[in-house]
Amino acid sequence: MNKEKKHVPVLLKESIELLSIKKDGVYVDLTTGLGGHSIEISKRLGDSGLLICIDMDKNNLEYSKNRILQHEVKNKLLFVEDNFKNIKHIFNMLDIEKIDGFIADLGVASVHLDDHSYGLSYRFNSIIDMRLSKKITKTAQDFFLLEREEIETILKDYGEIKGAKKLADMFIVKLRHKYPNITTFDVVNVVKETFKNVNNRVLSMVFQAIRIWVNEELENLRMMLYDILPFMKVNSRGVILSYHSLEDRIVKEFIKEHEIKIINGYKDYNFQPILQRINKKPIIASREEVQN
Ligand SMILES: C[S@@+](CC[C@H](N)C(=O)[O-])C[C@H]1O[C@@H](n2cnc3c(N)ncnc32)[C@H](O)[C@@H]1O
């Protein structure tokens, strides 16, 4: 893996501002990745502040640990290799009762797409795997052993693939016998054989669907949101960076469910208000940032 690869965190300035960091607060980076957001959080914490850095990818966590410690860090730091769906267990283990804020920059890091060993990218040929942590028991190979209906549903629900039934059939006929040595290019070739005019968007949606299934990304997000809420102090902040409509929907529904209710122009105090949106509309990365 090219460890020196330049990594530019997404919406860095905006997310750090929104966290409104208190010098002596307790903060959690649920998706530490290469440490970009964690470094900026640390810069704003004093010596009684605490930052807990979590990532389920051991390589990324080790890399970010070295990177963060190269900076002059005053605050306390804890590094935890775990899935953020286990946040309740992580806090209990660390004896954390309340937090001042968290950030979750969802999905994969740039290294995941650049490093062949993750078998995640349709740009390189490698054995398809897609696990963000080697502790995950199923791999992308197992996707091709599922029942046809399941394959179709995953392609449709997680990748919005039109013609999911046809592609599911083709996957079974063309790829199942190659298990457990199916490669990323085998998948690309079957997609190209199935549909006319396959562009990168179709390929990335097929790969996204399989990746979401392997890593159980939507279940993780849902579980984390419900379990982190009781640990949040009054006036604490949570920032979530999502990259597709499925994650976005889960977050929006969660906020709606826990948001203060306004009835006939009055705040409804019969309902226990827990969450309040800080920005009315989601903040979207600029075209310049996306191109970079
Ligand atoms: C987009 S990257 C984060 C980049 C990071 N904000 C930075 O500035 O470098 C997402 C990271 O979250 C991790 N991740 C994804 N899902 C996770 C989960 N359920 N639990 C823990 N880590 C997860 C991935 O391994 C990856 O390193």
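In which hand does H1 pass H2? I took up this point at the start and found that H1 passes H2 in a right-handed crossing. I note here that the model is a predicted one.

**Entry 1. H1 and H2**

I looked up the geometry of this pair. H1 and H2 pack at an angle of about 45 degrees, and their axes are 10 Å apart. I therefore record H1 as oblique to H2. I then listed the residues that make the contact: H1 contributes Leu12, Ser15, Ile16 and Leu19, while H2 contributes Gly36, His37, Glu40 and Ile41. Sorted by class, the residues of this contact are four nonpolar, three polar and one charged.

**Entry 2. Leucine 11**

I next examined leucine 11, which lies in the segment before helix H1 (12-19). Its phi is positive, at about 45 degrees, although the residue is not a glycine. Is leucine 11 buried or exposed? I count leucine 11 as partly exposed, because it has 18 C-beta neighbours inside 10 Å, and the class of buried residues requires 20 or more.

**Entry 3. The ligand shell**

I turned to the surroundings of the ligand. Which residues come nearest to the ligand? Of the 22 residues around the ligand, I noted Pro9, Thr31, Gly33, Gly36 and Asp57 as those that come nearest. Gly36 also appears in my first entry, among the residues by which H2 meets H1. Helix H2 (36-43) supplies at least two residues of the shell, as does strand S2 (50-55). By class, I recorded eight nonpolar, ten polar and four charged residues in the shell.

**Entry 4. Glutamate 160**

I looked for glutamate 160 and found it in the loop between helix H7 (148-159) and H8. Glutamate 160 has a positive phi of about 50 degrees, although it is not a glycine. I entered glutamate 160 as partly exposed, because it has 14 C-beta neighbours inside 10 Å, whereas an exposed residue has 12 or fewer.

**Entry 5. Proline 180**

I checked the peptide bond from tyrosine 179 to proline 180. This bond is cis, with omega near 5 degrees. I located proline 180 in the loop between helix H8 (164-175) and helix H9 (184-194).

**Entry 6. H11 and H12**

At what angle do the axes of H11 and H12 cross? I found that the axes of helix H11 (residues 217-228) and helix H12 (residues 245-258) cross at roughly 20 degrees and come within 10 Å. H11 is therefore roughly parallel to H12, since angles under 35 degrees fall in that class. H11 passes H12 in a right-handed crossing. On the H11 side I listed Leu218, Leu221, Arg222 and Leu225, which meet Leu246, Glu247, Ile250 and Phe254 in H12. I sorted the residues of this contact into six nonpolar, no polar and two charged.

**Entry 7. Glutamine 276**

I closed with glutamine 276, placed in the loop between strand S7 (266-267) and helix H13 (287-291). I entered glutamine 276 as exposed, because 10 other C-beta atoms lie within 10 Å. Which residues does glutamine 276 contact, leaving aside its neighbours within four places in sequence? I found Glu259 and Ile260 in contact with glutamine 276 on that basis. I also looked up lysine 74, which is 202 residues from glutamine 276 along the chain; the C-alpha atoms of the two are separated by 31 Å.

Terms used: Residues numbered from 1 in each chain as written. Predicted model: local features only at pLDDT ≥ 70, side-chain atom pairs only at ≥ 80, totals over all residues. Helix = DSSP H or I, 4+ residues; strand = E, 2+ residues; numbered from the N terminus. Contact = placed C-beta atoms within 7 Å. Axes fitted to C-alpha atoms, helices over the stretch in contact; angles between N-to-C directions. Parallel < 35°, antiparallel > 145°, perpendicular 65-115°, else oblique. Left-handed = near helix turned anticlockwise from the far one by under 90°. Nonpolar A, V, L, I, M, F, W, Y, C, P; charged D, E, K, R; others polar. Near = placed C-beta within 6 Å.
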